[in-house]
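Q: I should like a close look at a single residue of this protein, followed by an account of its wider setting. Please treat the matter in one connected answer.
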Amino acid sequence: MSPSVPLQEMIRAIRSAKTQCEERGVIQRECAAIRAQFRQSDNGSRSHNLAKLLYVHMLGYPAHFGQMECVRMIASPRYSEKRIGYLGAMMLLDEKQDASVLITNSIKNDLFHSNQYVQSLALCTLACMGSSEMCRDLAPEIERLLRASSSYVKKKAALCAVHIVRKVPDLGELFASVARSLLTEKNHGVLHGAVVLITELCGQNPEALARFRKAVPDLIQIMKSLVVSGYSPEHDVSGVSDPFLQVRILRLLRILGHNDETASDTMNDLLAQVATNTDSTKTVGNAVLYETVLTILDIRSESGLRVLAVNILGRFLLNNDRNIRYIAMTSLQKIVGTDHNAVQRHRGTIVDCLKDQDASVKRRALDLSLALVSASNVRSMMKELLTFLSTCPPDLRAQTASGIFNAAERYAPSQRWHIDTILHVLTTAGGDVRDETVPNLIQLITNASELHRYTVHKLYRALVADISQQSLVQVACWCIGEYGDLLTGPCQEMEPAQVSENDILDALETVLQSHMSSPATRGFALTATMKLSTRITDNVDRIRSIVSIYGSCIDVELQQRAVEYNALFKKYDHMRAAVLERMPVIEKTQSNGGSSGESAKDSQPVKLKPGESQPPQPPASQVCDLLDLLGDSGLNQQSGLAAPALVPGTANTAGGELLDLLGGLELEPTPAAPDAHTHTCFFCVGVEPTGCVWATAAAALPVYDKDGVTLTMSCDKQSEAGLTVTLTASNSTEADISSFMLQAAVPKSVQLHMRAPSGDVLPARGAAAVSQMVVLNNPNKVNLKMRVRISYSRNGSAFQDMIQIDSFP
């Protein structure tokens, strides 16, 4: 290729290259020729060579060797060279490079040039890559050009002033007075630049915000002239007069009217006029309407105007454009807490969006549908949500199930409806629910004593029909173990079906033998089988046989339970009825939403009967899960937790006998904490640790409370070097919080492991919480410190904060 080929020939040669290697060869040869010509002192094709180099830069190849050539061409008196030099500077230079300092004087000289086009080149370059130092040096010249007679120069100077204010906020006062005077201009380009400059000044300085509120009448007059003006070919876009300027003015009015009653009242009539007169059949009209809606909702507007804004968003939901439907639901999501009734009018349209093929629209529709659930529409909305759950994509099932659980707990019209709804979810998407769903449902069933027969019949039939949904199987096994004797009798609420004791044991044995059952599910089934030995009397030998089989199970937890239960059968059969009696009613101290991931609640201590005394606590070395009945022997003694009282009905004389129950087995302590499905006290399996009357909980210490978000910390010392920290977050505001995430950092000598959180959504008004467990290993026993970063999204805005925790037990 000849070094003097035109730009078009070079582009043609590059595009005709068949391989990347061939393209690189063309580029390298041309760059070598450009370098050679740059070194020539008297070169007449400088702009031609720099233009080719800029094209090479656009293709992603190195072009830094042309920076100094840009500096030389900017200083040239010829306009053609100056233009390509400024273009090269904007593309090849930035404020971090030393070469950018060399063009400061050239820009200053060109700002005083008599040709307005040369001045505009300097203004564009300064607005594109001007550093803080350049902005400070050239700000007076920019302020002077804002008062120039040429509209072409003034609109460029206004945009350059915006860049200066962003880089150096202290210089905003320099442009405040002249920015107000630009609002009297007739040229739309100057008006656009002035509105952008005022918007930036108001965002940087509260004093400027108060000053420019006096300019609201001027902005309203400009906006009215745009709305009522006739056809203007220079500014018309699809029948709307200068929509770009309208959008900018509406954004500025939104800022000026925020939390200001006087300014809001002044602009109410204008906003109503724009909302009713703008054509919504074209995209540009929808853009203006959308900005109008945002302005109405953000200022202190009249109630009728807010209803009009919600109705406009409702019309957007019927638009064929999915992008418009998406932004409509995003806006409705932000105001559903304050204008709930107005949004409720469009509930049917929002629910229909759940059937949309677009995943983003479907997810937004789900969020908004869950927010619209109330006590008056809970039955109809749950019907729609349950239908959606059966057909929704797998990535939305967990969120849908979580939202249904939360809404069902808040607005359940009856306990039976509540239980039926949760069982429906478990039957449809049992594998996608959160871990805390099982203990929460068990607590609900335990408290609904009049529904025990109905619930156990329904769960038994669900268990026989399908054992693949692990959460459903675990709840069914727990209920059969507690209320299995009620299965043999009729249930008036359900179709009559004869269930024998052998049928019940067959169902549990199927769960125990199924390859789909997890170890935790088998634990539920084994404990349920053992509990049935006191509820049914004709099949005790079969139960003993089933339990004895798992005394040699490969799963250590299951094997330990089977050995303990066999010991109950053989040596302590007279105590079996007392040990396996029904669980007491679990007192519910606060909300325990199924979707919340809320940490376990403090259980109320059970009072002893008159004449009973507190039994002695066993030594810490005698660690056995069964001995949890007598106190906190399964807990580390350094945790400082108090032992709870015994369950009523447990005789004091049984204490000494239970201490010898596992004599000779030489079981070692198991320091590892049980997971969410398997708890230390297997008689209370499936119930949250603090929901069990034998479990204890560490006191939660508040570590963060800001903007309605509260974070508490509880610690459990597992060993000399091990510490388990549970962080629990709640939300007391009126808006739901999404994308909630905790990140932790500790000194390098400390090992940190963060387990999966219980969720990422914090419902409003403290309806539920999110908990996350952090396991710390401190082998060097250094002074523990932990930094926690809290990040979340509320009403579409992202928030982030950081705290440091210095005090650990």
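Which side chain is joined to that of arginine 794 by a polar contact, and at what distance?

A: The partner is threonine 733, whose side chain is joined to that of arginine 794 by a polar contact of 3.5 Å. A polar contact is a pair of N or O atoms within 3.5 Å; within protein, one must be able to donate a hydrogen and the other to accept it, and residues adjacent in sequence count only if both atoms are side-chain atoms. The model is predicted, so that local features need pLDDT of at least 70 and side-chain atom pairs count only at pLDDT 80 or more, while totals for chains, interfaces and linings use all residues. Residues are numbered from 1 along each chain as its sequence is written, and side-chain values use heavy atoms, with hydrogens and water left out.

Arginine 794 belongs to strand 9, which covers residues 786-794. Strands (E, at least two residues) and helices (H or I, at least four) are DSSP runs, numbered from the N terminus. Arginine 794 is buried but takes part in no salt bridge. Buried means under 20% relative accessible area, exposed over 50%, and partly exposed in between (1.4 Å probe, protein chains only). A salt bridge requires a side-chain nitrogen of Lys or Arg within 4 Å of a carboxyl oxygen of Asp or Glu. For arginine 794, the nearest side chain of opposite charge is that of aspartate 707, 4.8 Å away; Lys and Arg count as positive and Asp and Glu as negative, while His and the chain ends are not counted. When residues up to four places away in sequence are set aside, arginine 794 touches Asp707, Val709, Asn731, Thr733, Ala735, Asp736, Ile737 and Phe799, contact being defined by heavy atoms within 4.5 Å.

Two backbone positions in this part of the chain also deserve attention. Serine 739, in strand 6 (residues 737-745), has a phi near 55 degrees, a positive value in a residue other than glycine. Most residues other than glycine have a negative phi. Serine 739 counts as partly exposed because its relative accessibility is 47%. Lysine 781 likewise has a phi near 55 degrees and is placed in the loop between strand 8 (769-777) and strand 9. With a relative accessible area of 57%, lysine 781 is exposed.

The wider setting is a protein with 33 helices and 10 strands. Of its 809 residues, 51% are buried. Among contacts with a separation of 6 or more, 67% involve residues 24 or more positions apart.

The nonpolar interior may be taken next. A nonpolar core is a set of buried Ala, Val, Leu, Ile, Met, Phe, Trp, Tyr and Cys residues joined through side-chain atoms within 4.5 Å. The largest such core has 180 residues, and those touching the most other members are Ile142, Phe175, Phe212, Ile249, Leu332, Leu426 and Ile480. A second, separate core has 25 residues, including Ala729, Tyr792, Ile803 and Phe808.

Salt bridges number 35 in total. One joins arginine 211 to glutamate 173, with the closest N and O atoms 2.9 Å apart. The two residues are 38 apart along the chain, arginine 211 in helix 12 (residues 206-212) and glutamate 173 in helix 10 (residues 172-181). Arginine 213 and aspartate 260 form another, at 3.6 Å from N to O. Arginine 213 sits in the loop between helix 12 and helix 13 (216-228), and aspartate 260 in the loop between helix 14 (243-257) and helix 15 (261-277), so this pair ties together parts that are 47 residues apart in sequence. Arginine 213 is partly exposed at 22% relative accessible area, whereas aspartate 260 is buried at 19%. A further bridge, 2.8 Å from N to O, links aspartate 485 and arginine 582. These partners are 97 residues apart, with aspartate 485 in the loop between helix 27 and helix 28 and arginine 582 in the loop between helix 32 (576-579) and helix 33 (654-659). Relative accessibility is 26% for aspartate 485, which is thus partly exposed, and 35% for arginine 582, also partly exposed. Finally, Arg46, Glu69, Arg72, Arg78 and Glu81 are joined into one network by salt bridges that share partners.
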